[in-house]
Amino acid sequence: MSEKFQLEIISPDRSILKTDASEVVIPSYEGEMGILKDHTPLITFLRPGLIKVKNGTESKYFVEEGTVEFAKNNLIILTSTVKELSKIEKGFIEGQINEAEKKIKSNELTDKEKYLLSYKLNSLKAINQ
Amino acid sequence: MPSLDDLKKRIKSVKSTQKITKAMKMVAAAKLRKAQENAEKGRPFSQKMQNIILNLTKSISDPANAPKLLVGNGKDKVYLCVILTADRGLCGGFNSNICKLAKVNFKKIINEGKNLKIITVGSKGLDQIKREYGKYIVKKFSFKDKKIISFNEAEIIGREIISLFNQNEFDKCILFFNNFKNVITQIPQAQQIIPVESQSSEIKDETLTYEFEPDEDEILEDLLPKNISTQVFKAFLENAASEQGSRMTAMDNATRNAGDLVDKLTINYNRSRQASITKELIEIISGAESL
């Protein structure tokens with residue numbers, strides 16, 4: 001099982017990661033999605049959650065939103081909010097949780113926003129444990 | 001013939017100008033490296049984004065119902081031109097080149113009997129355009145006090161463009177900026193962002209059938225506004241690098257010209273110094289002879 005494909009994570013101001021991966025799990029808009037080599041071409045969005053990159057070792061990235069394209073064994077993740085989990089400070093997560101909790105309590109949100117926020121909260125809390 | 005003192009003063013003033021231009025060149029060179037890096041790092045994002053959208057466009061089943069941001073609203077009466085320039089001068093033809101290209105386009109649009117609306121970003125472009133086309137300017141932005149232009153600023157402009165579009169204020173939107181090719185060459189560019197123009201060179205021959213999640217329309221609706229901000233941001237990055245590159249070359253030339261001028265003035269100065277010494281000697285000798 002050493003079948004690998006190219007993964008690239010790009011933010012507007014720089015390319016964050018460019019590597020081979022054997023499996024990538026992305027928090028797609030409609031649920032977590034594992035991608036292996038020779039996956040069918042795909043375009044989707046991300047909701048807040050964790051990207052897991054498996055390549056012998058596993059590394060995790062926290063994202064809030066993004067767009068994903070997979071074609072010809074090239075996985076491209078475009079996002080402006082990505083942080084490697086091991087490099088996040090604890091204060092950042094707590095700040096984000098507080099902010100999200102405040103937001104979710106206000107009643108001016110659409111269902112879609114609420115949906116996204118609840119995912120953000122859940123994944124942030126999961127990280128914090 | 002200027003007096004010796006005048007020449008001396010001029011040499012001194014040219015030399016101090018040279019010092020200024022040299023310092024500006026150094027600063028621009030240092031900033032250029034960073035700006036260039038940023039521009040190059042930012043390119044993949046906007047390119048990939050454009051690619052995804054092109055791929056999506058190809059697989060849209062019903063063009064009539066496609067989002068308006070993508071295919072336009074079918075009219076081409078009102079043009080919105082977004083001119084991106086610098087906030088500072090002394091950078092050679094940088095600002096003028098963008099404005100020149102923009103003005104050519106303005107003329108064409110007006111001659112075709114279409115309406116024109118202008119958004120200027122950066123104060124230098126505003127100065128050059130407001131004299132002739134001032135009445136068309138609908139909005140002006142300036143990020144003079146910002147040191148680094150981030151994605152947020154691009155989003156402000158992107159949002160403005162989208163809200164104007166949703167209010168049916170314009171039908172087509174064109175961005176004007178300088179594309180950074182290398183330090184000496186920057187190419188002023190006009191890029192149409194609404195509706196999205198498919199660049200023929202980028203279209204690949206083979207079409208892949210994509211799986212969409214959720215469906216195409218929803219993805220497009222989310223992606224298109226993002227794409228506009230991304231394209232604006234790309235234009236910002238390219239512009240920033242171009243500005244520094246342009247300034248560096250301009251200041252390099254200025255420094256060299258100042259050097260040439262100093263040489264010429266020094267020769268003049270020495271010549272007139274010698275002439276005056278010779279004149280004085282002749283006066284003394286002929287005075288002595290007549291005694």
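In this predicted model, Cys173(B) sits opposite Ile194(B), a residue of β5(B). That pair belongs to a longer run of pairing: β4 (residues 172–180) of chain B and β5(B) are antiparallel and are joined by eight bridges. Right after this, the backbone does something worth a look, as the peptide bond between Ile194(B) and Pro195(B) is cis, with omega at about -10 degrees. Pro195(B) itself falls in the loop between β5 and β6 of chain B.

Stepping back a little, β4(B) and β5(B) are part of an open sheet of five strands, laid out in the order β3-β2-β1-β4-β5 in chain B. The pairing in this sheet is mixed. At the edges are β3 (137–141) and β5 (186–194) of chain B, each of which pairs on one side only. On average, and with direction ignored, neighbouring strands here are turned by 20 degrees against each other.

Helices lie across this sheet. One of them, α4 (residues 123–133) of chain B, lies across β1 (78–84), β2 (115–121) and β3, and runs at about 155 degrees to β2(B). Another, α6(B), lies across β1, β4 and β5 of chain B, at about 35 degrees to β4(B).

That second helix deserves its own paragraph. With 74 residues, α6(B) reaches 106 Å from its first C-alpha to its last, close to the 110 Å expected at 1.5 Å a residue. There is still a kink in α6(B), of about 30 degrees, at Leu223(B). The proline Pro225(B) comes shortly after that kink. Chain B also has α1(B), with 55 residues and a reach of 75 Å between its first and last C-alpha, close to the 81 Å expected at 1.5 Å a residue. α1(B) bends too, by about 25 degrees at Gly42(B), and here as well a proline follows, Pro44(B), within four residues.

How is chain B split into domains? The assignment gives domain 1 (4–21 + 251–289) and domain 2 (36–249), so domain 1 is written as two separate stretches of the chain. Taken over C-alpha atoms, the centres of domain 1 and domain 2 of chain B are 52 Å apart.

Now for the meeting of the two chains. Chain B brings 22 residues to the contact and chain A brings 21 residues. On the chain B side, α1 (4–58), β6 (211–213) and α6 (216–289) each supply at least two residues. The biggest giver is α1(B), with nine residues. Sorted by class, the side of chain B that touches chain A has 13 nonpolar, four polar and five charged residues.

Strand pairing also crosses between the chains. Strand β5 (residues 42–46) of chain A runs parallel to β6(B), and three bridges join them. Within this pairing, Ile43(A) has Phe212(B) of β6(B) as its bridge partner.

Chain A has pairings of its own. Strands β1 (residues 5–11) and β2 (residues 14–21) of chain A are antiparallel, held together by seven bridges. They make a hairpin with two residues between them, and Ser11(A) has Arg14(A) in β2(A) as its bridge partner. β1(A) also pairs with β9 (residues 74–78) of chain A, this time in the parallel sense and over five bridges. In that pairing, Gln6(A) stands opposite Asn74(A) of β9(A). The loop between β8 (66–71) and β9 of chain A holds Asn73(A). Phi of Asn73(A) is near 60 degrees, a positive value in a residue other than glycine.

Chain A, like its partner, comes in two assigned pieces: domain 1 (5–85) and domain 2 (89–128). Their C-alpha centres lie 21 Å apart. The contact between them draws seven residues from domain 1 of chain A and five residues from domain 2 of chain A. On the domain 1 side, the residues that touch domain 2 of chain A are four nonpolar, one polar and two charged.

Note on methods. Residues numbered from 1 in each chain as written. Chains lettered and ligands numbered in written order. Predicted model: local features only at pLDDT ≥ 70, side-chain atom pairs only at ≥ 80, totals over all residues. Contact = placed C-beta atoms within 7 Å. Nonpolar A, V, L, I, M, F, W, Y, C, P; charged D, E, K, R; others polar. Pairing = 2+ DSSP bridges. Expected span 1.5 Å × (residues − 1). Bend = angle between axes of the 7 residues up to and from the residue. Axes fitted to C-alpha atoms, helices over the stretch in contact; angles between N-to-C directions.
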